[in-house]
Amino acid sequence: MMPDGGHLTGKENRASIEKSIGAFSFGFSMAKISYKHLYNTKRWYRLRWHQLNDHPLCAMHQALGQVVEATVADHITPHRGDEALFFDEENLQSLCKPCHDGAKQQLEKSGTLRGCDVNGLPLDANHHWRSPRP
Ligand SMILES: [Zn+2]
């Protein structure tokens, strides 16, 4: 009798499938990670407190000439887990919750910023209205 070499038994086969499924779902959950470990630091609490203390008004409403109390310290450039960006005070702006949850999320999704400034120009510096005419 020849030994059954190189041939996976049913049990081994299942194990290798489960292994690849495990690797897949691990990769998937990595993409949705919430960076809670960064927000749960004393350093972030202090940074956020200073930001809202120094800039107590919503930056987006301020651009519209409106005075609204800010409650969120927002990262201007999305940090996506990058600690250097996360803890960079230059990368913070104060926003009210509706601005943070609305316009900002929209900007990050679509790459454009909704709304206009007091002169009727779009707030988005990349908007084609703002690009110099040829
Ligand atoms: Zn606002």
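**Close-up views of a predicted model**

This model is predicted. The protein chain has a mean pLDDT of 76, with 51% of its residues at 70 or more. The stretch of residues 22-31 falls below 50 in pLDDT. Beyond near neighbours in sequence, that stretch makes zero contacts in the model. Where pLDDT is low, predicted coordinates should not be read in detail.

**Figure 1. The whole chain: six helices and two strands.** From the N terminus, the elements run α-α-α-α-β-α-β-α. Confidence varies along the protein chain: helix H1 (residues 10-31) has the lowest mean, 52, and H3 the highest, 97. Of the 134 residues, 9% count as buried. Take the contacts between residues at least 6 apart in sequence: 47% of them join residues at least 24 apart.

**Figure 2. Helix H3, residues 42-54.** H3 has 13 residues, so at 1.5 Å a residue its expected span is 18 Å. The end C-alpha atoms lie 18 Å apart, in agreement with that value. Zero of the 13 residues are buried, so H3 lies largely in the open.

**Figure 3. The strand pair E1 and E2.** The two strands pair in the antiparallel sense, over four bridges. Val-72 stands opposite Leu-95 in E2. Strand E2 (residues 92-95) is covered on both faces. Leu-92 and Ser-94 are buried on one side. Gln-93 and Leu-95 are buried on the other.

**Figure 4. The largest nonpolar core, six residues in all.** Its members are Cys-58, Met-60, Ala-70, Leu-95, Cys-96 and Cys-99. In soluble globular proteins, nonpolar side chains tend to be buried together. Leu-95 also belongs to the covered strand E2. Ala-70 is a good residue to centre on. Leaving out residues up to four places away in sequence, Ala-70 touches Leu-52, His-55, Pro-56, Leu-57, Cys-58, Ser-94, Leu-95 and Cys-96.

**Figure 5. The loop between strand E1 (72-75) and helix H5 (83-86), seen at Arg-80.** Arg-80 has a phi near 45°, a positive value in a residue other than glycine. Most residues other than glycine have a negative phi. Arg-80 has 10 other C-beta atoms within 10 Å; the cut-off for exposed is 12 or fewer, so Arg-80 is exposed. Gly-81 lies in this loop too. With 13 C-beta neighbours inside 10 Å, Gly-81 counts as partly exposed. The C-alpha atoms of Gly-81 and Lys-36 are 9.5 Å apart, although 45 residues separate them in sequence.

**Figure 6. Ile-76, in the loop between E1 and H5.** Ile-76 has 13 C-beta neighbours inside 10 Å and so counts as partly exposed. Apart from residues up to four places away in sequence, Ile-76 touches Asn-91, Leu-92 and Gln-93. Leu-92 and Gln-93 are buried residues of strand E2. Ile-76 and Phe-86 are ten residues apart along the chain, and their C-alpha atoms are separated by 9.8 Å.

**Figure 7. Residues 69-102, annotated "domain: HNH" in UniProt.** The annotation comes from an unreviewed entry. The span is 29% helix and 24% strand. Its end C-alpha atoms lie 16 Å apart.

Key: Residues are numbered from 1 along each chain as its sequence is written. This is a predicted model: local features need pLDDT of at least 70, side-chain atom pairs count only at pLDDT 80 or more; totals for chains, interfaces and linings use all residues. The expected span of a helix is 1.5 Å times one less than its number of residues. A residue is buried if 20 or more other C-beta atoms lie within 10 Å of its own, exposed if 12 or fewer, and partly exposed in between; C-beta atoms are placed from the backbone. pLDDT is the predictor's confidence in each residue, from 0 to 100. Two residues are in contact if their C-beta atoms, placed from the backbone, lie within 7 Å. A nonpolar core is a set of buried Ala, Val, Leu, Ile, Met, Phe, Trp, Tyr and Cys residues joined through C-beta atoms within 7 Å. UniProt positions are given in the numbering used here, feature names are shortened, and annotations may be inferred rather than shown by experiment. Two strands pair if DSSP finds at least two bridges between them.
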